[in-house]
Amino acid sequence: MFLNNYAVDLSIEQLVEHAQEALYPLQLQLNTKGEANQIINHLQIKERWLKDYKPKLLQYYKSDLANDVLLKLDNFLTNVNHYFSTLHKNLSFNLLLFPIYRTYHSPITEGLKIYFAPIYAFISYDVTVTLEKELSKSGKIFIRLQGNEPETALNIHQQKGTINLLYKLDKHTHEIFSITGFATTFNKNIPYKIDFELYELQN
């Protein structure tokens, strides 16, 4: 974990992990395509943070760095709707809320941004979204995202990254069963890759 480009010790990493628990359960308002536009239960998140998490963390973590981190976390969790766009740095959140729920007469072109933490940057991709005609052997629906980085003034003289993701959905409920795949990019001709696997946990 890094904070302001500096490696953070394990105790601070644990602090952040505990604080993030205050976000959940997270209730989101979605549009018809499945895109999130606001957090419905932001007041409950604020109350949960102030009542159940912040006092315990202040008591347990005592250092100048911990105080600084807690101040930033407090600002975020008490105003989480104001920082809603920063949640898209979380890859799972970003991909789970990608607008896959739509009518597919033919492949659809869409923009997708993935945050690459090592280079502190969102990378944009032009992706083609395709509903595959065949179901899996277990009856799952396949939706595939494939695309490339568009050429810009910043990357005109370097290799371009690619993205390839496969969504599997339950054929009855249309709930996401899994998302797997990868995204790549280049920064100063150094390659970076994110491999991604997310699966539904069965009770």
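**A nonpolar cavity, a pocket and the strands around them**

The largest cavity is lined by L91, L95, I114, I163, L165, F182, A183, I194 and F196. The model that contains this cavity is a predicted one. About 50 Å³ of space lies in the largest cavity, and the structure holds 1 cavity of 30 Å³ or more. By class, the lining comprises 9 nonpolar residues, with no polar and no charged ones. At least two of the lining residues come from each of α4 (91–96), β8, β9 and β10.

The protein chain as a whole contains 4 helices and 10 strands. Along the sequence these elements follow the order β-β-α-β-β-α-α-α-β-β-β-β-β-β. The C-alpha atoms fill a box of roughly 55 × 45 × 30 Å along the principal axes. Of the 203 residues, 37% count as buried. The accessible surface of the chain is about 12,900 Å², and carbon and sulfur atoms account for 53% of that area. Among contacts with a sequence separation of 6 or more, 49% link residues that are 24 or more positions apart.

The strands that contribute to the cavity lining were examined next. Strand β8 covers residues 162–170 and is joined to β9 by 7 bridges, the two strands running antiparallel. Within this pairing, L166 of β8 has T180 of β9 as its bridge partner, and K168 stands opposite S178 in β9. The hairpin of β8 and β9 has 5 residues between the strands, and H174 in this hairpin takes a positive phi near 65 degrees. In a regular strand the side chains alternate between the two faces of the sheet.

On the other pairing of β9, strand β10 (residues 190–199) is also antiparallel, with 10 bridges to β9. Here I179 stands opposite L198 of β10. The hairpin that joins β9 and β10 has 2 residues between the strands. In this hairpin K188 adopts a positive phi, near 55 degrees. Strand β8 has a further antiparallel partner in β7 (residues 140–148), to which it is joined by 9 bridges. In that pairing L145 stands opposite L165 of β8, and L165 is also one of the residues that line the largest cavity.

Turning to the pockets, the second largest pocket has a volume of about 290 Å³. Its lining is made up of 15 residues, of which I123, E149, T152, L154 and N155 are the closest to the pocket centre. The lining divides into 7 nonpolar, 6 polar and 2 charged residues. Both β6 (121–131) and β9 (176–187) provide at least two lining residues. The largest share of the lining comes from β6, with 4 residues. Strand β9 thus appears in the lining of the second largest pocket as well as in that of the largest cavity.

One of the residues closest to the centre of this pocket, N155, lies in the loop between β7 and β8. The relative accessible area of N155 is 5%, under the 20% limit, and N155 therefore counts as buried. Beyond residues up to four places away in sequence, N155 touches E149, P150 and K160. Of these contact partners, E149 is also listed among the residues closest to the pocket centre.

T103 offers a contrasting case in another loop, the one between α4 and β5 (108–116). With a relative accessibility of 56%, over the 50% limit, T103 counts as exposed. The C-alpha atoms of T103 and L154 are separated by 35 Å, and the two residues are 51 residues apart along the chain. L154, like N155, belongs to the group of lining residues closest to the centre of the second largest pocket.

Methods. Residues are numbered from 1 along each chain as its sequence is written. This is a predicted model: local features need pLDDT of at least 70, side-chain atom pairs count only at pLDDT 80 or more; totals for chains, interfaces and linings use all residues. Side-chain values use heavy atoms; hydrogens and water are left out. On a 1 Å grid over the protein atoms alone, a cavity is a set of points where a 1.4 Å probe fits but cannot get out, and a pocket is an open set with protein on both sides within 12 Å along at least five of seven lines; lining residues have an atom within 4 Å of a point. Grid points are joined across faces, edges and corners, and a volume is the space filled by probe spheres set on the points. Ala, Val, Leu, Ile, Met, Phe, Trp, Tyr, Cys and Pro count as nonpolar, Asp, Glu, Lys and Arg as charged, and the others, Gly among them, as polar. Buried means under 20% relative accessible area, exposed over 50%, partly exposed in between (1.4 Å probe, protein chains only). Contact means heavy atoms within 4.5 Å. Accessible areas come from the Shrake-Rupley method with a 1.4 Å probe; for residues, only the protein chains shown count as cover. Two strands pair if DSSP finds at least two bridges between them.
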